[in-house]
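Here are my notes after going through the model you sent. They come as numbered points, so pick out whichever ones you want to talk over.

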Amino acid sequence: MRTPLPSRRLTTAFALLTAATLTLTACGSGDSTTAGGAAPAGKSGKLPTTDVVSSVAKDDKAARLLPADVHDRGTLRIATSVGGTPPGSAYLPDSRTVVGQDIDFANAVAKVLGLRLKRETASFEAILPSLDSGKYDLGTGNFGVTDERRRTIDFVTYINDGQGFAVRADSKLKKITDFAQLCGLNVATGAGTTFEVTLEDNKHVCSDAGKKPYSVKTYTEPGAIWPSLQQGRSDVVMSTINGLRYAVRQQEGLRFLGEFHRLDVGFAFKKGTKLAPAFQAAVNRLIEDGTYDRILKKWGTRASAIEKSRISPPEIKD
């Protein structure tokens, strides 16, 4: 059976992912870096740029759910964590333009509500505290909905993501269902993320079984994670399901091991926000009119589709 994951292990960043490799070209220009770190690279070397948002029309019924002051102001301050990696968010080669699934969803919801977004990029760890202080009206950054977070933050869900693993194609690992399968291996992940916390907290599984513990290799630079796997310094990468799937599609010689733990992802707001009902209605409108599916298709994340948006649902347990 899978080793249980206490909810606190899921409260740190899902802000990890990279599609950079040693031999593949960067985003269409030959430039190998972006303002977000290593540029996403792949077999095509390009990020999808299909416009799936500009045709979205305002929905008066959803807009009427907005608080009067927001409706009159017509703008919202949004903080976006840009990890430099798709499908969540990444910079184009100009190192200024931000694209990604999170960006498309936020822009589409704003169109439905007839609002303009004043977007600022911010570090993942800074966004949630900034919501409570009132600096921003909402935040995006692949924020997983956990029971612990729901105590201080309100969420409006728009996709379902979670934790997973990837390996080199020649690895003997087939699927990770228990941390004991990692014993004796080197596991690469992002520093300061939920993955690092989860891995460190479960090292005892190996010693309890009389096996050699796995080693957690953390990287502060996203671009260093995949080269560590490609070069054999790491045996496994632990990261987000969608990010791993995207990376494996874009790189030769890698294999996705499957899902380990699912988690709803949502727009984040200050606790008690009056914006949640309007955002929920807007997401559901996008689902109904087909825009939602077009965004998921663009970023290759249809497996993360939800049937209906919810406001701060209970954490998924598995």
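At what angle do helix 3 and helix 10 pack, and how far apart are their axes? Keep in mind throughout that this is a predicted model.

1. To take that one straight away: the angle between helix 3 and helix 10 is about 105 degrees, and their axes are 9 Å apart. An angle of 65 to 115 degrees counts as roughly perpendicular, so that is the label for helix 3 against helix 10. On the helix 3 side the contact is made by Ala-108, Val-109, Val-112 and Leu-113, and these meet Ala-278, Phe-279, Ala-282, Val-283, Arg-285 and Leu-286 of helix 10. By class, that contact has nine nonpolar residues, one charged and no polar.

2. Helix 10 also packs on helix 11, at about 80 degrees and with the axes 4 Å apart. Helix 10 is therefore roughly perpendicular to helix 11 as well. Here Leu-286, Ile-287 and Asp-289 from helix 10 meet Thr-291, Tyr-292 and Arg-294 from helix 11. The make-up is three nonpolar, two charged and one polar. Leu-286 is worth a click, since it is listed in the contact with helix 3 and in the one with helix 11.

3. Now the core. The largest nonpolar core runs to 39 residues, and Phe-105, Val-109, Leu-113, Phe-267 and Phe-279 have the most contacts inside it. Two or more residues each come from strand 3 (75-80), helix 3 (101-113), strand 8, strand 12, helix 10 and helix 11 (291-299). There is also a second, separate core of 18 residues, with Leu-173, Ile-176, Phe-179 and Leu-182 among them. As background, nonpolar side chains in soluble globular proteins tend to be buried together.

4. Which residues does Phe-105 touch, leaving aside its neighbours within four places in sequence? They are Tyr-158, Ile-159, Phe-267, Tyr-292, Ile-295 and Leu-296. Phe-105 also belongs to an aromatic cluster, along with Tyr-158, Phe-267, Phe-269, Phe-279 and Tyr-292.

5. On aromatic pairs, the count comes to seven. One of them is Phe-165 with Phe-260, edge-to-face at 5.5 Å centre to centre and 85 degrees between the planes. Phe-165 sits in strand 8 (residues 153-168) and Phe-260 in strand 12 (residues 254-270), so this pair ties together parts 95 residues apart in sequence. Phe-165 and Phe-260 are both buried.

6. Another edge-to-face pair is Phe-269 with Phe-279, with 5.1 Å between centres and 75 degrees between planes. Since Phe-269 is in strand 12 and Phe-279 in helix 10 (residues 276-289), the parts tied together here are ten residues apart in sequence. Phe-269 and Phe-279 are buried too. Phe-279 keeps turning up: it is in the contact with helix 3 and in the aromatic cluster.

7. Last, have a look at Ile-287, in helix 10. Is this residue buried or partly exposed? Its relative accessibility is 24%, and buried would need a value under 20%, so Ile-287 counts as partly exposed. Not counting residues up to four places away, Ile-287 touches Tyr-292, Ile-306, Glu-307, Lys-308 and Ser-309. Ser-309 is 22 residues from Ile-287 along the chain, and their C-alpha atoms are separated by 8.9 Å.

Note on methods
Residues are numbered from 1 along each chain as its sequence is written. This is a predicted model: local features need pLDDT of at least 70, side-chain atom pairs count only at pLDDT 80 or more; totals for chains, interfaces and linings use all residues. Side-chain values use heavy atoms; hydrogens and water are left out. Rings of Phe, Tyr and Trp (its six-membered ring) pair if their centres lie within 6.5 Å; planes under 30 degrees apart count as stacked, over 60 as edge-to-face and the rest as tilted. Buried means under 20% relative accessible area, exposed over 50%, partly exposed in between (1.4 Å probe, protein chains only). A nonpolar core is a set of buried Ala, Val, Leu, Ile, Met, Phe, Trp, Tyr and Cys residues joined through side-chain atoms within 4.5 Å. Contact means heavy atoms within 4.5 Å. Axes are lines fitted to C-alpha atoms, for helices over the stretch in contact, and angles run from 0 to 180 degrees between N-to-C directions. Angles under 35 degrees count as roughly parallel, over 145 as roughly antiparallel, 65 to 115 as roughly perpendicular and the rest as oblique. Ala, Val, Leu, Ile, Met, Phe, Trp, Tyr, Cys and Pro count as nonpolar, Asp, Glu, Lys and Arg as charged, and the others, Gly among them, as polar.
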